[in-house]
Structure formats: C-alpha cells, structure tokens
Amino acid sequence: MIRISTIFIAICMVLVAASLGLVLYAVAGISGTESAIVALTALTFLILYNAVSMRLRDRSDVGGQIADLSRGTADLARQVAEFGRRLASIEGRIASSNSANSDRVQSVVGEINELGGLVRQLAATVSTHEDLLAGHAPAPAPTEKPEPEVPVDLIAPFEERLAAPPPLPAPPRPTAPAAKTASAAQTVNGRNPTQMLATLRNAIDDNRIDIFLQPMVTLPQRKVRFYEAVTRVRDERDQLIAAEEFISIAEASGLIGRIDNMVLLRCVQVLRRLMVRNKDVGVFCNVAASTLGNSTSFAQCLDFLEANRALAPSLVLEFKQSTFRSLGPAETENLAALAQRGFRFSIDHVTDLRIEPRELADRGVRFIKVPASLLLDPKQASSSDIHPSDLSDLLGRFGIDLIAERIEGERAVVDLLDYDVRFGQGFLFAPPRPLRPEGASATGGAAPQQAQDIQGSNGPGIPSQGATTSGTTPATPSSRLTGNAALARRI
C-alpha cells in the first residue's frame with residue numbers, strides 16, 4: 001500500500017512539472033529548453049519536499065511505535081515482578097508445609113518406636129510367665145517326645161523318619177553348672193586329656209567314629225530339606241562322646257585329619273542312601289580348620305572328594321566363622337580347589353553379624369547358619385551394619401541361604417518368620433539321632449528275597465553306620481523291632 005502511494009505521488013509531481021513547463025511555454029513565450037529546465041527544477045523541488053515531509057512523518061510514526069514498545073516492556077516487567085513475588089510466596093508455603101510434615105513424621109516415628117519397645121517388654125513379660133508356668137507344669141510322658149537316641153531310618157520316607165516312637169527314654173541332660181564344673185576340672189566323662197587322647201586313638205583304630213543326623217527343615221512348612229552330620233565317638237564301653245568334648249584334643253594331637261576323613265566317608269555313604277529316595281536332599285559335613293591347612297590330610301580329603309565329585313551339589317562342607325576370618329594362603333588355595341570341583345560351603349558357629357556376603361559368595365559359600373538367639377537379639381541391630389530382619393534378603397541377593405539353628409521354642413519360629421528365614425534347625429524339630437543299620441527297617445518282618453531286593457536298591461558297596469568297610473554289623477533285636485514298626489507304617 002505504501003509503495004502504490006509513493007508511485008502515485010511521483011506521477012503527480014511529474015505531471016505538475018510538465019504542466020508548469022507547458023504553461024510557461026505557451027503563455028510566457030519561453031522557449032522549450034527553458035521551459036524544460038523550469039519543469040525539472042519544479043520537479044526537483046517537489047521531490048525534495050516530498051522526501052522531507054515523508055521523513056518527518058516516518059519519524060513521528062517510529063517515535064509512536066517506540067513509545068508503545070516502551071510501555072509494553074514496562075508492563076511486561078511489572079508482570080514478571082508479580083510472578084516472581086507469587087513464586088516466592090508459594091515456595092515459602094511449600095517449605096513451611098514440608099517442615100510441618102517432617103515434624104509430624106518424626107513424632108509418628110517416635111511413637112512407633114515407643115510402641116515397639118512396649119511390645120518387646122510385653123513379649124519378654126509373657127515369655128517369663130510362660131517359663132514360670134512351664135517350670136510348674138508336670139513333666140510330659142517319655143513316650144510323647146522322641147529322644148536323641150531314636151535311630152534315623154534312611155529307607156523310610158522323610159515324613160516317617162521323625163514319627164518313630166522311642167524305644168527307651170534318654171537320660172537327662174547335664175545342667176549348665178555341671179558342665180562348667182566338668183570344664184573347670186579339665187575332665188570329660190571322668191577322663192583327663194591324656195585318657196581322652198588314648199580313647200580317641202583307640203576309637204579311630206577300631207572304627208568307632210559314628211555320625212548322628214539332625215534335620216534342617218523349611219519354614220514354615222517344616223519339610224526336611226537337609227541333614228547335618230554330627231560326629232560322636234564311642235569309647236570302650238560304648239558310651240558316646242560329643243564333638244565339643246574331644247575336638248580341641250583331637251586338633252592339638254593331630255588326629256582331627258583322620259577323624260575328618262572318616263566322617264567324610266560316612267557322609268558320602270549316608271548321602272548315597274538318602275538319594276535313593278530323594279534326589280534333592282543334602283548333607284552338611286563339618287571340616288576342621290586344621291584339616292584345611294594340613295597339606296597331607298587335605299590331600300587325602302581332596303582325592304576322596306574328587307572321586308565323589310558327582311555328589312558335589314548335595315554335599316555341603318561346613319566351616320566355622322573363625323576359620324573363614326583367619327584363612328591363610330594355603331587354606332585359601334585349598335578352599336578354592338574345593339570350590340573349583342563344585343563343592344559348596346556353609347558357615348556355622350556365627351558369633352556376630354558382621355558379614356561380607358559378596359566376599360563369601362566369591363569363595364563358594366552358599367549357606368550361613370546363625371543361632372536363633374543371635375538373630376532375635378535386639379542388641380545386634382545396633383552393633384551390626386544391617387538389621388537382622390534384612391539379613392536374609394541381603395544374603396539372598398548373593399545366592400546365600402540363611403539357616404536359623406538352635407531353635408527350641410515355637411515363639412522363636414514365629415519371630416523368625418518375620419525375618420524371612422527359609423530354613424530352621426534345632427531340638428524343636430528333631431535332635432541328632434543315630435543312623436539305623438542299613439537294611440534293618442527293610443528286612444525286619446519281610447521275606448528273605450524281599451529283603452535282598454530292598455538292600456539291592458540302595459546300591460552295592462555302601463556300608464552301614466557303625467560297620468567297617470569290610471563287612472556289615474548285623475542288626476540288633478531292638479532295631480529289627482523298630483524296623484517292623486516302620487514297615488507296618490509304610491504298609
């Protein structure tokens with residue numbers, strides 16, 4: 001539009017200049033050249049006038065636009081300032097709200113902690129009352145609870161092994177003061193260390209190293225999943241000596257390597273018998289730290305385990321927590337040799353929860369056995385890096401299963417379920433029991449041909465518990481009687 005008006009003005013000025021020249025030529029009698037000069041002069045004057053007038057008009061228009069732009073900028077600045085003020089006000093309200101919420105959360109957390117303390121006090125009071133009531137309650141009949149002397153029938157199904165009635169009640173256990181007195185007197189079953197060493201040598205030479213089996217069950221189903229082999233030594237009068245009583249003397253005298261080799265042999269024999277009925281069962285076998293560090297004893301163990309490498313997924317070698325914390329170069333190399341052959345490890349005798357799961361998993365540890373009293377101890381939450389309730393999840397991230405041992409009460413089982421513990425072991429489920437001689441439950445009350453078939457199904461060349469490798473000890477009448485009862489239950 002501006003371009004059209006400019007062209008129109010230019011045409012008008014040309015016409016005005018031409019008309020002026022013609023008028024001067026016609027009226028004033030001026031020649032054509034002079035009239036043309038006058039016309040060009042008039043045209044130039046008109047052009048200059050038009051340019052000056054347009055420049056003045058454009059300047060006024062630009063001034064108006066600049067004024068409008070200044071007013072718009074000022075308005076925008078005011079709006080930005082208003083938005084900044086509102087944003088600051090909103091941030092202040094949010095900060096005050098967060099502070100108020102934090103105070104409320106802190107107060108709620110304090111109340112929850114106080115309630116937790118009250119609940120723990122109530123639980124302790126209830127436990128004390130239960131103990132008092134249990135102390136005044138009449139003792140149960142001996143036939144209502146299986147005693148540790150009931151043999152474990154490896155041929156019967158898992159559910160029937162713990163149901164066999166005991167033939168005779170076991171003698172009462174010694175109390176803690178009596179045990180402390182015996183320890184203070186440096187005697188074991190009336191023997192001094194010299195006599196105990198002689199008993200150990202005779203037991204090793206006469207093959208009187210027995211193993212008892214204590215089951216490990218799943219929680220809360222309580223199905224038998226593993227067995228732990230507990231070592232017992234029989235003296236000349238067939239009295240049993242627990243491992244806690246002779247292990248220190250055996251390590252000091254260098255006999256622990258021979259004992260571990262015999263126990264490994266028995267564990268492999270038991271595992272082969274167990275796997276006839278269930279391929280998923282496993283056996284935990286304890287190995288001493290001195291055996292792991294002794295090149296001669298470990299070489300014998302390694303050769304035997306190499307020959308039974310097929311049982312590696314089901315045979316778990318168990319070491320103490322102190323053993324893993326004091327591993328030397330030789331022990332570390334021997335442990336790596338076992339892990340390279342597929343054997344898995346377990347840690348027991350745990351005294352604190354300062355555990356490095358990544359390091360243990362790298363060394364082949366797949367199970368950690370922690371006493372139930374240690375897991376449920378409130379002091380462990382402050383002394384360890386992780387709360388005991390989170391220990392099972394932490395170990396599970398590295399492929400390690402947590403086993404709660406020494407469980408002796410139902411209340412402990414309920415508390416352990418809150419800690420997501422998958423396996424349990426203790427006298428609540430079953431005490432360690434001796435092995436039933438092979439074929440005792442299968443041959444009692446059965447035809448000779450049937451007994452031969454059942455023994456053949458267990459695999460040839462597997463000696464029974466308490467027998468030497470060259471022969472089998474015949475079953476006693478009491479074991480045959482118990483075998484008949486087991487056979488009747490199976491029928």
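A residue is called partly exposed when its relative accessible area falls between the limits for buried, under 20%, and exposed, over 50%. Histidine 349, at a relative accessible area of 40%, is therefore partly exposed. The structure in which this residue sits is a predicted model, and the paragraphs below lead through its backbone, its salt bridges and its enclosed or open spaces.

Histidine 349 also deserves attention for its backbone, since its phi is positive, at about 50°, although the residue is not a glycine. Its place is in the loop that runs between strand S6 (344-348) and helix H12 (357-362). A comparable feature occurs in another loop, where arginine 222, likewise a residue other than glycine, has a positive phi near 65°. Arginine 222 belongs to the loop between S1 and S2, and because its relative accessibility is 35%, it counts as partly exposed.

The loop between strand S1 (209-218) and strand S2 (224-234) also holds proline 220. The peptide bond that leads from leucine 219 into proline 220 is cis, with omega near 5°. This loop therefore carries both a cis peptide bond at proline 220 and the positive phi of arginine 222, with arginine 222 being partly exposed at 35%.

The salt bridges give a second way of reading the region. A search of the whole structure finds 18 of them, and one joins aspartate 210 to arginine 234, with the closest N and O atoms 2.4 Å apart. Aspartate 210 lies in strand S1 and arginine 234 in strand S2, so this pair ties together parts that are 24 residues apart in sequence. Both partners, aspartate 210 and arginine 234, are buried; for arginine 234 the relative accessible area is 18%, and a residue is buried because it falls under 20%. Arginine 234 has a further salt bridge, with aspartate 238, in which the closest N and O atoms are 3.2 Å apart.

Arginine 222, already met for its backbone, takes part in a salt bridge as well: its partner is glutamate 410, and the closest N and O atoms of the pair are 2.6 Å apart. Since glutamate 410 lies in helix H16 while arginine 222 lies in the loop between S1 and S2, the pair ties together parts that are 188 residues apart in sequence. Glutamate 410 is partly exposed, with a relative accessible area of 42%, and arginine 222, at 35% relative accessibility, counts as partly exposed too. Elsewhere, Glu228, Glu318, Lys369 and Glu405 are linked with one another in a network of salt bridges.

Helix H16 leads on to the pockets, for helix H16 (410-418) is one of the elements that supply at least two residues each to the lining of the second largest pocket, together with helix H2 (32-136) and helix H13 (372-375). The space in this second largest pocket amounts to about 930 Å³. Its lining is made of 25 residues, and those closest to the centre are Ala123, Leu376, Asp377, Arg411 and Asp415. Helix H2 gives the most to the lining of this pocket, with eight residues. Sorted by class, the lining of the second largest pocket has 12 nonpolar, four polar and nine charged residues.

The cavities are a separate matter, and a search of the whole structure finds two of 30 Å³ or more. The largest cavity has a volume of about 60 Å³, and its lining consists of Leu264, Val287, Thr291, Phe298, Cys301, Leu305, Leu317 and Leu338. Helix H9 (residues 295-307) gives the most to this lining, with three residues. By class, the lining of the largest cavity has seven nonpolar residues and one polar residue, and no charged residues, whereas nine charged residues are found in the lining of the second largest pocket.

The path ends on the surface, where Ile7, Ile11 and Leu15 form a nonpolar patch with about 290 Å² of accessible area together. Isoleucine 7, one of these residues, has its place in helix H1 (residues 2-26). Because its relative accessibility is 47%, isoleucine 7 counts as partly exposed, and it also meets the requirement of over 30% relative accessible area that is set for the residues of a patch.

Technical notes. Residues numbered from 1 in each chain as written. Predicted model: local features only at pLDDT ≥ 70, side-chain atom pairs only at ≥ 80, totals over all residues. Heavy atoms only, no water. Patch = residues over 30% accessible without salt bridge, like charges linked within 9 Å, V, L, I, M, F, W, Y side chains within 5 Å. Areas by Shrake-Rupley, 256 points an atom, 1.4 Å probe, with all protein chains shown as cover. Salt bridge = Lys/Arg side-chain N within 4 Å of Asp/Glu carboxyl O. Helix = DSSP H or I, 4+ residues; strand = E, 2+ residues; numbered from the N terminus. Buried < 20%, exposed > 50% of the residue type's maximum accessible area, 1.4 Å probe, protein only. 1 Å grid on protein atoms, 1.4 Å probe; cavity = no way out; pocket = protein on both sides within 12 Å on 5 of 7 lines; lining within 4 Å. Points joined across faces, edges and corners; volume = space filled by probe spheres on them. Nonpolar A, V, L, I, M, F, W, Y, C, P; charged D, E, K, R; others polar.
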